[in-house]
Structures are given as C-alpha cells and as structure tokens.
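Q: Can we go through this model together? I'd like to start with a charged pair and see where it leads.

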Amino acid sequence: MFELEFKAATGLMQSDDFISLALSGHSVQGVEAFTLNESNSQPLLVSAAPFRVAGNETKGAVSTLVDLSRHKEAERQQFFLMRELGHRVKNRLALVVSISNRTASTEDTGDGFRRAFAGHIQALAASHNVLADRSWTFIRLSDLMVAELKPFVENFRTRSR
C-alpha cells in the first residue's frame with residue numbers, strides 16, 4: 001500500500017476518501033494524484049467506483065490507477081518545444097525587420113525595394129525549408145547557400161534579359 005497526494009484537492013481529499021465514496025455508491029473519476037515515495041513521486045490518474053452485484057447492492061469498490069509519467073513527460077516536452085518555437089519565431093521576425101531596414105537603405109525606388117525585399121524573404125524561406133527538410137541537423141553549408149542564393153540568381157537572369 002502507498003499514500004497518495006492530491007495537489008489540486010488542497011487537503012480536502014485523502015486516499016481513503018476515494019474508497020469511502022465508492023463504498024457509499026458514488027463514483028470518482030480521473031483525479032490527478034502523486035505517490036508519496038521518498039525516492040520519486042509518480043503522477044497517477046485515480047478513479048474509484050462502487051462494485052455492485054445483483055440487486056444493485058454495493059459489495060465493495062473498484063479503484064484504478066493509471067500511470068501518467070509518459071503523459072507528463074510529453075507535456076513537458078511540448079512546453080519546451082513551444083517555448084523554443086516562440087524564441088525562433090521572434091528571432092525570424094527580428095531578422096525580417098533587419099532585412100527590411102537594410103533593403104530600404106540600399107534601394108532608391110519602391111519597386112526596387114519590393115523586388116529586393118521579396119528576394120531576401122524568398123532566400124530566408126528557402127533556407128528555412130532546407131533546415132526543416134533535414135530536421136535542423138547535418139546541413140551542408142553549400143546546400144544552404146544554393147537555396148538562399150537561388151532567388152537572386154533567378155532575379156539576376158530576369159533583369160539581364
């Protein structure tokens with residue numbers, strides 16, 4: 001046997017309360033709890049229900065404990081990834097502002113700015129695609145350079161004709 005702690009219950013519910021409720025004919029479903037072990041605390045989903053026999057008489061209780069360790073780890077991983085994504089998006093937006101300012105300082109006309117800025121953003125998108133396609137691992141610099149320079153090479157060919 002082991003003790004359970006119900007953090008969300010703020011001391012209102014104890015381990016024995018689940019069984020008492022089930023024995024009195026009430027079901028309790030899906031309450032998060034933690035084991036009170038000194039070595040580690042394991043997250044659980046606790047439910048209890050009356051065990052009824054013929055004549056709908058309650059003869060005991062059935063309780064279930066579902067290990068939430070993997071689920072909680074997945075939640076932590078998802079939280080980490082969302083924070084990382086937010087950080088990368090902020091960096092990309094700062095880069096877009098920088099590209100915009102730099103492009104504005106080198107182009108004399110609105111049309112020139114539009115073409116140059118579009119080329120820079122296409123290059124940024126192309127480099128992002130290369131990184132994403134390879135899961136942000138083992139990317140050759142030459143592949144990244146080809147992807148980033150492609151919009152400018154195509155634009156140069158179009159202007160030269």
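Q: Is glutamate 32 buried, partly exposed or exposed?
A: Glutamate 32 is partly exposed, because its relative accessible area is 38%. Buried means under 20% relative accessible area, exposed means over 50%, and partly exposed lies in between (1.4 Å probe, protein chains only).

Q: What should I know about the model and the numbering?
A: The model is predicted: local features need pLDDT of at least 70, side-chain atom pairs count only at pLDDT 80 or more, and totals for chains, interfaces and linings use all residues. Residues are numbered from 1 along each chain as its sequence is written, and side-chain values use heavy atoms, with hydrogens and water left out.

Q: Which side chain does glutamate 32 meet in a salt bridge?
A: The side chain of lysine 72, at 2.8 Å from N to O. A salt bridge here is a side-chain nitrogen of Lys or Arg within 4 Å of a carboxyl oxygen of Asp or Glu.

Q: Where do the two sit in the chain?
A: Lysine 72 is in helix 2 (residues 69–106) and glutamate 32 is in strand 2, so the pair links distant parts of the chain, 40 residues apart. Helices (H or I, at least four residues) and strands (E, at least two) are DSSP runs, numbered from the N terminus.

Q: And lysine 72, buried or exposed?
A: Lysine 72 counts as buried, because its relative accessibility is 15%.

Q: How many salt bridges in the whole structure?
A: Nine. One of them joins glutamate 57 and lysine 59 at 3.2 Å, N to O. Glutamate 57 is partly exposed at 42% relative accessible area, and lysine 59 is exposed at 53%.

Q: Anything within helix 3?
A: Aspartate 111 and arginine 114 meet in a salt bridge at 3.1 Å, N to O. They are three residues apart in helix 3, so about one helical turn separates them. Salt bridges that share partners also join Glu32, Lys72 and Glu75 into one network.

Q: Does the length of helix 3 agree with the expected span, or disagree?
A: It agrees: the 24 residues of helix 3 (residues 110–133) should span 34 Å at 1.5 Å a residue, and the end C-alpha atoms are 34 Å apart. The expected span is 1.5 Å times one less than the number of residues.

Q: Which residues of helix 3 are buried?
A: Gly112, Ala116, Gly119, Ala123, Leu124, Ala126, Ser127, Val130 and Leu131. After helix 3 comes serine 135, with a positive phi near 55°.

Q: Switching to the sheet. What is the strand order?
A: The order is 1-2-3-4, in an open sheet of four strands with antiparallel pairing. Strand 1 (4–5) and strand 4 (57–67) are the edge strands, each pairing on one side only. Two strands pair if DSSP finds at least two bridges between them.

Q: How many bridges join strand 3 to strand 4?
A: Ten. Strand 2 and strand 3 (residues 43–53) pair over five, and strand 1 pairs with strand 2 (residues 28–35) over two.

Q: Which residue has a positive phi in the hairpin of strand 3 and strand 4?
A: Glycine 55, near 80°; the hairpin has three residues between the strands.

Q: Last one: which residues form the nonpolar patch on the surface?
A: Leu141, Met145, Leu149, Phe152 and Val153, with about 450 Å² of accessible area together. Patch residues have over 30% relative accessible area and no salt bridge; like charges are joined within 9 Å and nonpolar side chains (Val, Leu, Ile, Met, Phe, Trp, Tyr) within 5 Å. Areas come from the Shrake-Rupley method with a 1.4 Å probe, and for residues only the protein chains shown count as cover.
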